[in-house]
Every structure is written in structure tokens, then in C-alpha cells.
Amino acid sequence: MQNDFDDGTLERTAHRPWPMPDGPWLMTQTWHDLAFAHWPVDQTALRAALPAGLELDVFEGQAWMGVVPFHMTNVTPRGVPALPFVSAFPELNVRTYVVAGDKPGVYFFSLDAGNPVAVGFARSLLHLPYHSAAMSVEERDGWVHYRSRRLTDGSGGGADFEARYRPTGPVFEPAAGSLEHFLTERYRLYTVDPRHALRHLDIHHGPWPLQEAEIVLDVNTMVEPTGVRLPDMAPLVHFAKRQDMVAWRMK
């Protein structure tokens with residue numbers, strides 16, 4: 001498997017909200033065919049679902065929950081070639097937006113992946129709430145067809161997803177201060193370890209090449225395990241064809 005990571009990503013830094021982290025970055029990932037599906041949700045319920053130490057981040061008084069399907073390549077430690085069956089797989093995230101100290105970031109309620117090796121690594125070493133899932137991604141007639149069924153408990157566990165989505169507008173970079181910028185331009189993720197201590201992991205990528213998009217949701221029970229209800233409305237949807245990123249160690 002050829003690693004086609006875009007090294008120019010490391011030179012694009014002017015858009016970052018704070019400087020690049022000290023120390024060497026440790027791994028690459030390339031994200032493909034992302035759909036950012038977001039719903040406005042109740043602040044009280046969402047805040048109650050967060051671990052201690054994290055403050056809910058809101059945009060103009062509104063809290064948001066996101067479901068983000070995509071697939072990855074170039075998932076590999078720095079200096080290690082990409083490997084078949086290890087460095088490329090689908091992933092599906094359930095996320096919201098938080099602040100700790102003065103640093104905004106993402107909190108993941110769950111990350112489903114179609115690679116059990118990656119799931120085991122991320123759960124044991126990074127303390128991230130990964131789950132194994134049976135997943136498929138296929139592009140047909142301009143639509144990305146995406147299916148995921150969580151396998152952790154052997155039955156799907158009420159966390160299943162089946163949809164198709166596509167871009168509907170030209171590429172744009174989200175403007176600072178916009179809702180699109182708030183929902184996507186995040187350079188830190190937060191999690192808690194088994195001792196309930198707060199941890200963070202810094203990442204870097206270029207500005208998001210977003211497009212307005214549409215999605216047809218046939219099944220979406222991904223948010224149900226969080227205890228937060230999604231409103232009965234169509235989500236706000238954006239698409240990104242590709243994003244290259246690097247990550248530092250968990251702290």
C-alpha cells in the first residue's frame with residue numbers, strides 16, 4: 001500500500017487557533033469522503049453526558065451533536081509504511097464540542113471502526129471509546145453509500161447507521177466566526193482514562209475544504225447510547241472529499 005500523505009499539510013499553519021505543539025508528531029491519517037451531519041440538541045442533556053472537567057462549547061447559545069462517517073488511509077506511525085488491512089478502514093464518530101481550560105476541542109462519545117486491530121490499540125493505549133463494527137463504504141452515481149453495524153456486544157447494540165450522502169455545492173473554507181468553522185476547525189480531542197483523569201491529544205490539518213451536502217438517512221441509532229435525543233429534523237450537512245492530518249501523543 002502506497003502512502004500518499006500530503007506533507008504540505010505541515011506547512012499550512014496560519015489558520016490554527018494556537019501554535020503547533022512542541023515535540024515531534026507521531027502518526028498520520030488521511031480522511032476521505034466525510035459527511036458532517038449535525039443536529040442542535042438540548043444543552044442540559046448534553047452537558048449531563050459529559051465527563052467531569054469538560055465544559056460544553058456552544059455556538060450562539062446552541063449546543064450541537066455530530067455524526068461523522070468517513071474512511072481512512074495512511075493510518076500509520078511516523079516513518080512506518082502504510083500496511084494492507086491495517087492502515088485503511090472506515091470510521092464513524094459521534095461527537096460534540098467542548099472546552100477545557102482555554103482550549104476548545106472535540107469530545108467523542110463513540111468511534112466505530114471496521115478494523116479490530118485499530119480498535120484494540122485505540123481503546124488500550126489512547127483510552128478512546130472505540131467499538132468494532134461491520135462497515136462498508138461504496139461510491140455509486142455520485143453518492144457515498146455507507147453502512148455500519150456495531151459488533152461490540154454481538155447484536156449491534158442500538159448503534160447502527162445506514163445512509164447515502166453527496167456534496168451539492170462548491171468547495172469553500174469555513175470563515176472564522178461561522179457555524180461551519182465552529183463545527184469543524186478543531187485541533188484537540190479530549191477523553192478520560194480508566195481512572196477518570198482528563199486527557200487530550202493534539203492534531204494538525206489544513207483548513208477544511210467543505211462543501212454543502214445532502215444526506216438520506218435510512219438508519220441512525222448512533223446517538224441513542226449517549227442518552228441525548230436528536231430532534232425530529234433533517235441535520236445540517238457538510239461534505240469534505242479529503243483531509244490529511246498528523247497527531248501528537250496523548251497527554
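**Pro21, Arg188 and the surrounding fold**

Leaving aside its neighbours within four places in sequence, Pro21 is in contact with Arg16, Asp202 and Trp248 in this predicted model. The residue lies in the segment before β1, a strand that covers residues 27-41. The relative accessibility of Pro21 is 16%, and Pro21 therefore counts as buried, the cut-off for that class being under 20%. Between Pro21 and Ser87 there are 24 Å in space, taken from C-alpha to C-alpha, for a spacing of 66 residues in sequence.

Asp202, one of the residues that Pro21 touches, also takes part in a polar contact of 2.8 Å, in which its side chain is paired with the side chain of Arg188. The side chain of Arg188 makes a further polar contact, at 3.5 Å, with the side chain of His200. Arg188 itself is placed in strand β9, which comprises residues 188-192, and with a relative accessibility of 13% it counts as buried. When residues up to four places away in sequence are not counted, Arg188 touches Trp18, the run of Lys103, Pro104, Gly105 and Val106, and the run of His200, Leu201, Asp202 and Ile203.

Lys103, which is among the residues touched by Arg188, belongs to strand β5, a strand formed by residues 103-113. The side chain of Lys103 is joined to that of Asp102 by a polar contact of 3.3 Å. Beyond residues up to four places away in sequence, Lys103 touches Trp18, Val98, Arg188 and Tyr190. Trp18 thus appears in the contact list of Lys103 and also in that of Arg188, while Asp202 appears in the list of Arg188 and in that of Pro21.

Two aspartates carry a backbone phi angle with a positive sign. Asp33, which is not a glycine, has a positive phi of about 50 degrees, and its place is in strand β1. With 7% relative accessibility, Asp33 counts as buried. For Asp141, likewise a residue other than glycine, phi is positive and near 55 degrees. Asp141 is found in the loop between β6, residues 130-140, and β7, residues 143-150. At a relative accessibility of 78%, Asp141 counts as exposed, for which the cut-off is over 50%.

With regard to the protein as a whole, the model contains 3 helices and 12 strands. Its radius of gyration is 17 Å, close to the 18 Å that the globule rule gives for 251 residues, so the protein is as compact as a globular protein of that length. The C-alpha trace spans about 45 × 45 × 40 Å along its principal axes. Of the 251 residues, 50% count as buried, and, among contacts with a separation of 6 or more, 69% are accounted for by residues 24 or more positions apart. The area exposed by the protein is about 11700 Å², of which 53% is supplied by carbon and sulfur atoms. The protein has 22 positive and 30 negative charges, and the mean positions of these two sets are 6 Å apart.

Definitions and conventions: Residues numbered from 1 in each chain as written. Predicted model: local features only at pLDDT ≥ 70, side-chain atom pairs only at ≥ 80, totals over all residues. Heavy atoms only, no water. Helix = DSSP H or I, 4+ residues; strand = E, 2+ residues; numbered from the N terminus. Polar contact = N/O pair within 3.5 Å; in protein donor to acceptor, adjacent residues only side chain to side chain. Contact = heavy atoms within 4.5 Å. Rg over C-alpha atoms; globule rule 2.2 N^0.38 Å. Buried < 20%, exposed > 50% of the residue type's maximum accessible area, 1.4 Å probe, protein only. Areas by Shrake-Rupley, 256 points an atom, 1.4 Å probe, with all protein chains shown as cover. Lys, Arg positive; Asp, Glu negative; His and termini not counted. Charge placed at Lys NZ, Arg CZ, Asp CG, Glu CD.
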